[in-house]
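This report is an introduction for a reader who has not met this structure before. It begins with one chain as a whole, then turns to an interface, and ends with individual residues.

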Amino acid sequence: MMQKYLFIILGLFAVLSALMVVFEKNPVHSVLYLVLTFFAIAGEFVLLNAQFIAIVNVIVYAGAIMVLFLFVIMLLNLNKETEPHKALWMKFGAVVTGGLLLLVLVSTLKVADNAEVNPMNTNIGAIRQLGTVLFGQFLLPFEVSAVLFLAAMVGTVMLSKKDIK
Amino acid sequence: MGLSVFIIYKAILVLIVFSISLFMAMYSTYAERKVAGFMQDRLGPNRAGPFGILQPLADGVKMFMKEEIIPNVSNKYLFILGPSIAMFTSCITGAVIPWGTSLHIAGYTFPLQITDINIGILYLMAVTSIGVYGIMIGGWASNNKYSLLGALRASSQMISYEIAMGLAIIALVMHTGTLSLRNIAAQQSGWHWNVIYQPLGFLIFLICAFAETNRTPFDLPESDSELIGGYHTEYSSMKLGFYLFAEYINMFISSAVISTLYFGGYNMPFVHRLGLSPNLEAILGVIFLFAKLCFFIFFFMWVRWTIPRFRFDQLMGLGWKVLIPLSLFNIGLTGTIMWWFHKI
């Protein structure tokens with residue numbers, strides 16, 4: 001029962017801080033709200049017995065990617081006065097594309113077959129379980145995505161080089 | 001164990017760990033000055049109390065009494081949030097460290113660890129990576145170019161060294177086969193300290209620990225000769241005290257982590273042969289852990305007063321071009337040796 005309430009509270013918190021990301025005028029505040037959102041989502045993962053995903057979410061998203069976001073925004077030193085405002089048609093286009101993305105996500109979730117998960121199985125998100133599944137059942141997709149990441153990394157290094165020989 | 005007993009025991013344990021962290025941090029400031037004095041052939045603090053033993057208290061009172069200045073242009077909430085996050089993150093790391101085995105009192109078993117989550121090491125990594133926010137937010141909210149530069153240095157340094165630290169830990173986890181700090185400490189009974197199996201990993205971890213705690217030779221975020229005070233230039237009173245204090249708590253916790261991961265934690269060889277009662281042995285284990293930990297705190301100070309500061313590009317070069325390849329090599333080496341001895 002308590003878990004259910006915690007889940008709802010965290011969910012509300014996540015949605016609220018996600019909305020604040022959009023509505024906040026100052027970009028640095030937006031980034032900080034996004035970090036809060038990630039924490040709320042990590043909390044949800046813990047309640048779902050997925051400790052590993054929760055902690056990786058914190059390490060990778062809140063701890064590394066958002067720090068880089070913050071880093072760039074602080075260096076750019078954006079503020080309300082100097083920030084150029086987008087044209088109206090651009091805002092409209094952004095709303096439409098965002099809505100379409102939402103539609104796709106919702107429809108995917110609706111169509112996906114809800115495999116029965118035993119809620120009593122507390123090992124479902126444990127790291128040993130996850131490792132066995134990742135390196136057994138899903139070995140090929142896992143390795144393919146690893147190669148993809150490597151390619152992205154090499155690409156980044158190449159792009160950030162000033163003079164490519 | 002009943003729920004009420006459980007809650008009382010956990011509350012007491014949390015309180016003890018918290019106050020010991022604060023106490024150790026407090027007296028680390030004193031020890032740091034004494035060590036500095038010793039290294040530079042001076043006396044160090046000797047005015048407040050016998051041998052200057054009350055110096056940390058005097059410093060604390062001074063910090064509280066000083067005028068608190070919040071710059072007019074800075075963002076007030078974020079300005080206060082910065083040191084709070086720094087202090088908070090350094091205090092919550094003590095929760096997963098196994099301070100000893102277990103005490104057996106009145107038929108109950110009380111493990112001397114606040115919580116044994118099965119991803120203890122990752123928890124430590126997560127908390128360290130969040131610690132950056134304290135410095136970044138504080139530096140940015142000060143609205144001062146020196147502070148911002150210090151904050152940017154701190155964040156880029158901590159992110160860079162986190163990678164090498166994580167890779168060093170991966171090699172350690174390959175060897176131990178568990179992410180729980182309690183199991184890692186228990187595996188190292190007798191002479192099976194991980195430093196023997198992972199000497200290179202230990203070296204990388206140690207260097208990264210220096211960088212993560214912003215200690216000399218990696219204290220570029222607050223290098224006084226270039227950036228005045230770095231990220232805490234605009235801070236005064238107890239907010240400055242929080243930043244400085246957080247650094248000492250971090251040092252204490254990193255020493256505890258190094259001792260637990262690589263130097264056997266609460267284990268000491270030949271203790272089992274003394275034939276002591278389990279409770280006494282557990283208490284002795286805590287004392288051994290603190291002895292190892294105090295050595296590492298001393299080591300942190302020793303290095304600080306021996307080695308001069310790096311240049312920032314040297315620091316980045318060391319992190320990305322030396323430590324990361326070295327830790328990748330360490331992972332390969334660990335894997336090869338494990339394969340050779342049919343451990344996989």
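## Chain A as a whole

Of the 165 residues that make up chain A, 21% count as buried. The model described here is a predicted one, and the values in this report should be read with that in mind.

Chain A contains six helices and zero strands, and its order along the sequence can be written as α-α-α-α-α-α. Among the contacts in chain A with a separation of 6 or more, 56% are between residues that stand 24 or more positions apart. The chain exposes about 12,700 Å², and 75% of this area is supplied by carbon and sulfur atoms.

## Where chain A meets chain B

At the interface, 24 residues of chain A are in contact with 22 residues of chain B. Between them the two chains bury about 1,900 Å², of which 81% is on carbon and sulfur atoms. The rule finds zero salt bridges across this interface, and it finds one residue pair in polar contact, with both residues at pLDDT 80 or more.

Which elements give two or more residues to the side of chain A that touches chain B? They are helix 2 (27–47), helix 3 (51–76) and helix 5 (127–137) of chain A. The largest share of that side, 15 residues, comes from helix 3 of chain A. Sorted by kind, the residues on the side of chain A that touches chain B divide into 19 nonpolar, four polar and one charged.

## A residue of helix 3 in chain A

A:Ala64 offers a single-residue view of helix 3 of chain A, the helix in which it lies. When residues up to four places away in sequence are not counted, A:Ala64 touches A:Ile59 in its own chain and B:Ile159 in chain B. Is A:Ala64 buried or partly exposed? Its relative accessible area is 24%, and because the range for buried residues is under 20%, A:Ala64 is described as partly exposed.

A further distance places this residue within its chain: A:Ala64 and A:Leu10 are 54 residues apart in sequence, and their C-alpha atoms are 22 Å apart in space.

## Salt bridges

Side chains of opposite charge can pair when their charged atoms come close. Over all chains, the count by this rule comes to four salt bridges. One of the pairs is formed by the side chains of B:Arg304 and B:Glu32, with 3.1 Å from N to O. This pair links distant parts of the chain, since B:Arg304 is in helix 11 (residues 278–304) of chain B and B:Glu32 is in helix 1 (residues 3–39) of chain B, 272 residues apart. B:Arg304 is partly exposed, with a relative accessible area of 26%, whereas B:Glu32, at 3% relative accessibility, counts as buried.

Another salt bridge joins B:Asp59 to B:Arg33, and the closest N and O atoms of this pair are 3.1 Å apart. B:Asp59 lies in helix 2 (residues 55–65) of chain B and B:Arg33 in helix 1 of chain B, so the pair ties together parts that are 26 residues apart in sequence. B:Asp59 is buried, with a relative accessible area of 18%, while B:Arg33 is partly exposed, with a relative accessible area of 36%. A salt bridge is also formed by B:Arg311 and B:Asp313, whose closest N and O atoms are 2.9 Å apart; at 47% relative accessibility, B:Asp313 counts as partly exposed.

## Two buried threonines in chain B

B:Thr89 is found in helix 3 of chain B, and it is buried, with a relative accessible area of 8%. A polar atom of its side chain lies 3.2 Å from the backbone oxygen of B:Ala86. Leaving aside neighbours within four places in sequence, B:Thr89 is in contact with B:Val127, B:Ile130 and B:Gly131.

B:Thr93 is found in the loop between helix 3 (76–92) and strand 1 (102–105) of chain B, and at 8% relative accessibility it counts as buried. What lies 3.0 Å from a polar atom of the side chain of B:Thr93? It is the backbone oxygen of B:Ser90. Beyond the residues up to four places away in sequence, B:Thr93 touches B:Tyr123, B:Leu124, B:Val127 and B:Ile253. B:Val127 is thus a contact of B:Thr93 and also of B:Thr89.

Note on methods. Residues are numbered from 1 along each chain as its sequence is written. Chains are lettered from A and ligands numbered from 1 in the order in which they are written. This is a predicted model: local features need pLDDT of at least 70, side-chain atom pairs count only at pLDDT 80 or more; totals for chains, interfaces and linings use all residues. Side-chain values use heavy atoms; hydrogens and water are left out. Helices (H or I, at least four residues) and strands (E, at least two) are DSSP runs, numbered from the N terminus. Buried means under 20% relative accessible area, exposed over 50%, partly exposed in between (1.4 Å probe, protein chains only). Contact means heavy atoms within 4.5 Å. Accessible areas come from the Shrake-Rupley method with a 1.4 Å probe; for residues, only the protein chains shown count as cover. A polar contact is a pair of N or O atoms within 3.5 Å; within protein, one must be able to donate a hydrogen and the other to accept it, and residues adjacent in sequence count only if both atoms are side-chain atoms. Buried area is the accessible area (1.4 Å probe) that two parts lose on being put together, summed over both. Ala, Val, Leu, Ile, Met, Phe, Trp, Tyr, Cys and Pro count as nonpolar, Asp, Glu, Lys and Arg as charged, and the others, Gly among them, as polar.
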